[in-house]
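Good morning, everyone, and thank you for making room for me on the schedule. I would like to walk you through one protein chain, slowly, and I will try to say at each step what the model does and does not let us read.

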Amino acid sequence: MSLRVTLLLALLSSATAQTTCHVSSTTGSDSNDCSSGSPLLTINQCITRVGSGGTCYLSPGTFREASAYNGSLITGVTDLTIALAPSTVGEATIDGTIDLSGWQTLSDAHGTYYRTTAALGDSVWQVFVDGAPLTPARW
């Protein structure tokens, strides 16, 4: 009888905690099951699922996430160690920037300039064009 109880507890604990999870910035969804064939979309969701001691396997691509761990994703965890590893040959980049789209070209007596609108929040302090930082505006 005790063998059945032990097996049942082992099955329950393995169903609630994962130690490895796959992440893809192109084909993932945060509602997926973390397998290599059904990866998550974000590193944040992977960290939440694997917990301390787990591994997030990143597919090649760019992960646009401002913070992979902000200290409040897992309540009660004070020492969080998670490995980020490549899932295949290729480059995985964690990039805290966001892409801006919808640019308009405008001209006036002073020259040509570009404009777009975006909800950037208060934490934006640098703009990059083709990977190079622009000089911050002074106003």
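Let me begin with a term that we will need in a moment: a disulfide here is a pair of cysteine sulfur atoms within 2.5 Å. Chemically speaking, a disulfide is a covalent bond between the sulfur atoms of two cysteines. With that cut-off in hand, we can look at C46 and C56, whose sulfur atoms lie 2.2 Å apart and which therefore form a disulfide. I should also say at once that this is a predicted model, and I will come back to how confident the prediction is.

Staying with this pair, C46 sits in helix α2 and C56 in strand β2, so that the bond links distant parts of the chain, 10 residues apart. The link is left-handed, with -115° about the S-S bond. Are these two cysteines buried or exposed? C46 has 0% relative accessibility and therefore counts as buried, and C56, also with 0%, counts as buried for that reason too.

How many disulfides does the whole structure hold? The search finds 2, and the other one joins C21 and C34, with sulfur atoms 2.0 Å apart. C21 lies in strand β1 whereas C34 lies in the loop between β1 and α2, so this pair ties together parts that are 13 residues apart in sequence. This link is left-handed as well, with -75° about the S-S bond. If we count the bonded cysteines along the chain, the disulfides follow the pattern 1-2, 3-4.

C34 deserves another moment, and some background helps here. Most residues other than glycine have a negative phi, and most peptide bonds are trans. C34, however, has a positive phi, near 80°, although it is a residue other than glycine. The relative accessibility of C34 is 2%, which is why C34 counts as buried, and its bonded partner C21 is buried too.

Now let us turn to helix α2, which spans residues 43–50 and in which I43, C46, I47 and V50 are buried. Where on the helix do these buried residues fall? Looking down the axis of α2, we find them within an arc of 100°, so they line one face of the helix. What they pack against is a set of strands, namely β1 (20–23), β2 (55–58), β3 (61–64), β4 (83–86) and β5 (92–95). After the helix comes G51, which has a positive phi, near 70°.

From the helix we can move on to the strands, and I will recall one general point before we do. Strands of a sheet pair through backbone hydrogen bonds, either parallel or antiparallel. In this chain, 3 strands make an open sheet with parallel pairing, in the order β1-β2-β4. The edges of that sheet are β1 and β4, each of which pairs on one side only, and from one strand to the next the twist averages 25°. If you would like to find the pairing of β1 with β2 on the screen, look for the 4 bridges that join these parallel strands, and in particular for V23, whose bridge partner in β2 is L58.

Further along, strand β6 (residues 104–108) and strand β7 (residues 111–115) pair in the antiparallel sense over 5 bridges. These two strands form a hairpin with 2 residues between them, and within it S107 has T112 of β7 as its bridge partner.

Stepping back to the chain as a whole, we count 2 helices and 9 strands, arranged along the sequence as α-β-α-β-β-β-β-β-β-β-β. Of the 139 residues, 17% are buried.

Finally, I promised to return to confidence. The mean pLDDT of the chain is 76, and 71% of its residues reach 70 or more. Which elements have the lowest and the highest mean pLDDT? The lowest, 33, belongs to helix α1 (residues 2–16), and the highest, 94, to β1. Over residues 1–16 the pLDDT stays under 50, and for this stretch the model has 0 contacts beyond four places in sequence. Where pLDDT is low, the predicted coordinates should not be read in detail. With that caution, I will stop here and take your questions.

How values were computed
Residues numbered from 1 in each chain as written. Predicted model: local features only at pLDDT ≥ 70, side-chain atom pairs only at ≥ 80, totals over all residues. Heavy atoms only, no water. Buried < 20%, exposed > 50% of the residue type's maximum accessible area, 1.4 Å probe, protein only. Arc of directions from axis to C-beta. Contact = heavy atoms within 4.5 Å. pLDDT = per-residue confidence, 0-100. Pairing = 2+ DSSP bridges. Axes fitted to C-alpha atoms, helices over the stretch in contact; angles between N-to-C directions.
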